[in-house]
Amino acid sequence: MKSFERVQPKSWDDAAQLLAKAREEKTSSEAKGAGTELLDRLKEHNLAPDRVVDLRRLTSHSSIQRKSSSSVSIGALVTLASVAEELRADFPALADACLGAATPQIRNAATLGGNLCQRPRCWYFRSAEFQCLKKGGVECLAKSGENEFHAVFGNNTCAIVHPSAAGVALVALNAKIETLASGGGRTIAAADFFQRPEVDIFAENSLKPGELIVEIHVDKPQGLRSAYRKIKQKQAFDWPLADAAVAWRDEGGVAKDVRIVIGSAAPVPWRAKAAEALVEGKRIDAALAARAAQAALDGATPLGKNAYKLPIVAAAVRRALLAAAGLPVDAEAES
């Protein structure tokens, strides 16, 4: 591991200035929250910064604030465990997405902002032995290689899957992400925050160099229903084979403003728009959930070794829809 300078800013503005100064000096610099993902990349020789700007001891943007009875703001430094514990009543999809991440030890340290900014876990990208497209190579090695855990949607350019379960839930909840930079901040819709490889092969989100997430804003319209479900190989610590978050407004017993988002299946949290259109304006029951689950596979382009993920994606969507509607999952119907 290459030696680096660790800097502890006195404020978020100070952090933004330090990152801006590093750019001016042409010095490689990384921001760190808990550092769980940063440490992985350092150990894997996937990253070798000259400077690490450590945000962990900053006191602002480290709590959950209720702006009103229908709106919350979550600081970027809030841990996944805190989100899971404090927001279950209002946003069960987000709570379950955070609760299911990693292990209890990591959830009690990892921050929501850091979780959203994770880099992909693709072994071709992570390994120092491979020069894949995301590292300046000429092709996505997963497309013709070992791709059993890779994307089944949006994989024409690069077959990574986005690793943030919280991101899947936040897109379903139509959240907004507030940022800070030396030149001023902005607010980005969660759906626009995540970026496909066709837009920029070297980045998975729309943050500019030196720009930091500071708050995540989530509204709770009247009648909001949401749920998150994931399916993984082993039920202890594991990355999902597929996950899904759903959200809608219950209006007189029918679903309005439906959002169905699939995770672990595309380079970004993937909107299942055909399934959304099928469910919109209808009362959800087991039969409709099953049809919507199949519609969620519209546009899938599985690779040589991952077509098995398609029924798993469908099952995750179906279970999330039933959970949000308060209906039981019939295990027999999954066979």
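What percentage of the 335 residues in the chain is buried? In this predicted model, buried residues account for 53% of the chain. That figure is a helpful starting point for the overall picture, which is taken up here before turning to one sheet in more detail.

The chain is built from 12 helices and 12 strands. Its C-alpha trace extends over about 60 × 50 × 35 Å along the principal axes. A compact globule of 335 residues would be expected to have a radius of gyration near 20 Å, and because the chain has 20 Å, the two agree. Contacts also reach far along the sequence: of those between residues at least 6 apart, 62% link residues at least 24 apart. On the outside, the accessible surface amounts to about 14,900 Å², and carbon and sulfur atoms contribute 50% of this area. As for charge, 44 positive side chains accompany 39 negative ones, with the centres of the two sets lying 1 Å apart.

Among the strands, β9, β10, β11 and β12 can be followed as a group. They make an open sheet of four strands, arranged in the order β9-β10-β11-β12 and paired in the antiparallel sense. The edges are taken by β9 (224-232) and β12, each of which has a single partner strand, so one side of each is left without a neighbour in the sheet.

A good guide through this sheet is β11, which covers residues 254-263. This strand is mostly covered, with seven of its 10 residues buried. On one side, β11 runs antiparallel to β10 (residues 240-251), and eight bridges hold the pairing. Within this pair, Arg249 is found opposite Lys256 of β11. The two strands form a hairpin in which two residues separate them, and Gly252 in the turn adopts a positive phi of about 65°.

The pairing of β11 with β12 (residues 270-271) is likewise described by bridges: there are two, again in the antiparallel sense. Ile262 faces Trp270 of β12, while Val261 has Arg271 as its bridge partner in that strand. In a regular strand, side chains alternate between the two faces of the sheet. The hairpin of β11 and β12 has six residues between its strands, and Ser264 takes a positive phi near 60° there.

Readers tracing the sheet in the structure above may find it easiest to begin at Gly252 in the turn between β10 and β11, follow β11 through residues 254-263, and then pass Ser264 in the hairpin with β12.

Key: Residues numbered from 1 in each chain as written. Predicted model: local features only at pLDDT ≥ 70, side-chain atom pairs only at ≥ 80, totals over all residues. Heavy atoms only, no water. Rg over C-alpha atoms; globule rule 2.2 N^0.38 Å. Buried < 20%, exposed > 50% of the residue type's maximum accessible area, 1.4 Å probe, protein only. Contact = heavy atoms within 4.5 Å. Areas by Shrake-Rupley, 256 points an atom, 1.4 Å probe, with all protein chains shown as cover. Lys, Arg positive; Asp, Glu negative; His and termini not counted. Charge placed at Lys NZ, Arg CZ, Asp CG, Glu CD. Pairing = 2+ DSSP bridges.
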